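Here is a short tour of a single structure, written for someone who likes to check each point against the coordinates. Have the viewer open and follow along.

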Amino acid sequence: MNPLNAIPVFYDARMVADARSYSPSAGKPREVVASWQAMHVPLVFKLFDPATREQLALAHSRDFVNGVLEGRIPNGFDNLSTSVAHALPWTSGAMLAAAREALGNGQVAVAPVAGFHHAHYEQASGYCTFNGLIVAARALLNEGLASRVGIL
């Protein structure tokens with residue numbers, strides 16, 4: 001496989017959590033990547049950093065971010081799971097890294113993450129704790145990497 005034709009993927013096992021929920025969302029990143037690998041999709045896995053609390057606070061109140069990450073405020077699965085709390089910066093970090101990569105390569109990059117769009121500024125909702133789409137958009141705007149962002 002020619003790495004020039006491979007799709008950049010931002011995946012780290014730390015994105016996966018046991019949400020203690022009937023929703024499969026917290027395990028989807030692993031399942032999606034395994035599916036792509038079984039189909040022999042040309043992938044190149046890229047390293048990335050988890051989103052910081054400051055980056056998460058671009059889309060959410062600091063009290064909410066700190067409370068969820070410290071296990072004091074329920075996550076999107078309506079529990080205080082430390083497994084979910086540890087995974088959350090990685091899922092938003094993957095989205096931000098993929099957005100940066102797509103801007104840089106002018107083509108495509110993938111973050112195999114689920115959720116995001118139901119989260120509110122100070123409250124998780126619908127299995128979404130943080131809105132990683134808004135975190136990425138606001139970070140790119142703040143960094144001057146984008147002047148406008150569209151989310152479909």
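## The largest pocket

The lining of the largest pocket consists of 15 nonpolar residues, one polar residue and one charged residue. Keep in mind throughout that this is a predicted model. The pocket holds about 330 Å³ of space. Its lining counts 17 residues, and those closest to the centre are Met95, Ala99, Leu133, Ala136 and Leu140.

Which helix gives the most to this lining? That is α4, with five residues. Both α4 and α5 supply at least two residues each to the lining.

## Helix α5 and its surroundings

Helix α5 spans residues 132-142, and its buried residues are Gly132, Val135, Ala136, Ala137, Ala139 and Leu140. Among the elements that cover these buried residues are α2 (53-56) and α4 (82-105).

Both ends of the helix are worth a look. At the N-terminal end, Asn131 acts as a cap, with a side-chain oxygen 3.2 Å from the backbone nitrogen of Leu133. After α5 comes Gly144, which has a positive phi near 75 degrees.

## Two buried polar side chains

Start with Gln55, which sits in helix α2. Is Gln55 buried or exposed? Its relative accessible area is 17%, under the 20% cut-off, so Gln55 counts as buried. A polar atom of the Gln55 side chain lies 2.9 Å from the backbone nitrogen of Thr52. Beyond its neighbours within four places in sequence, Gln55 is in contact with Pro50, Leu96, Arg100, Val135 and Glu143.

Asn79 belongs to the loop between α3 (62-69) and α4, and is buried at 12% relative accessibility. Where do its polar side-chain atoms go? One polar contact joins the side chains of Asn79 and Asn75 at 2.7 Å, and a polar atom of the Asn79 side chain also lies 2.9 Å from the backbone nitrogen of Ser81. Setting aside neighbours within four places in sequence, the contacts of Asn79 are Ala19, Arg20, Ile73 and Pro74.

## A proline within α4

Pro89 is located in helix α4 and is buried, with a relative accessible area of 13%. Not counting residues up to four places away in sequence, Pro89 touches Pro50, Ala51 and Leu69. If you would like a distance to check, the C-alpha atoms of Pro89 and Pro8 are separated by 19 Å, with their positions 81 residues apart along the chain.

## Aromatic pairs

How many aromatic pairs does the structure hold? There are five. One of them is the edge-to-face pair of Tyr22 and Tyr127, at 5.9 Å centre to centre and 85 degrees between the planes. Tyr22 is in the loop between β1 (7-9) and α1 (28-38), while Tyr127 is in the loop between α4 and α5, so this pair ties together parts that are 105 residues apart in sequence. Tyr22 is exposed, at 73% relative accessible area, whereas Tyr127 is partly exposed at 30%.

Phe48 and Trp90 also form an edge-to-face pair, with 5.5 Å centre to centre and 75 degrees between the planes. This pair links distant parts of the chain, 42 residues apart: Phe48 is in the loop between β2 (43-45) and α2, and Trp90 is in helix α4. Phe48 is buried at 10% relative accessible area, and Trp90 is buried at 11%. Together with Phe10, Phe48 and Trp90 make up one aromatic cluster.

How values were computed:
Residues are numbered from 1 along each chain as its sequence is written. This is a predicted model: local features need pLDDT of at least 70, side-chain atom pairs count only at pLDDT 80 or more; totals for chains, interfaces and linings use all residues. Side-chain values use heavy atoms; hydrogens and water are left out. Buried means under 20% relative accessible area, exposed over 50%, partly exposed in between (1.4 Å probe, protein chains only). Helices (H or I, at least four residues) and strands (E, at least two) are DSSP runs, numbered from the N terminus. Contact means heavy atoms within 4.5 Å. A polar contact is a pair of N or O atoms within 3.5 Å; within protein, one must be able to donate a hydrogen and the other to accept it, and residues adjacent in sequence count only if both atoms are side-chain atoms. On a 1 Å grid over the protein atoms alone, a cavity is a set of points where a 1.4 Å probe fits but cannot get out, and a pocket is an open set with protein on both sides within 12 Å along at least five of seven lines; lining residues have an atom within 4 Å of a point. Grid points are joined across faces, edges and corners, and a volume is the space filled by probe spheres set on the points. Ala, Val, Leu, Ile, Met, Phe, Trp, Tyr, Cys and Pro count as nonpolar, Asp, Glu, Lys and Arg as charged, and the others, Gly among them, as polar. Rings of Phe, Tyr and Trp (its six-membered ring) pair if their centres lie within 6.5 Å; planes under 30 degrees apart count as stacked, over 60 as edge-to-face and the rest as tilted.
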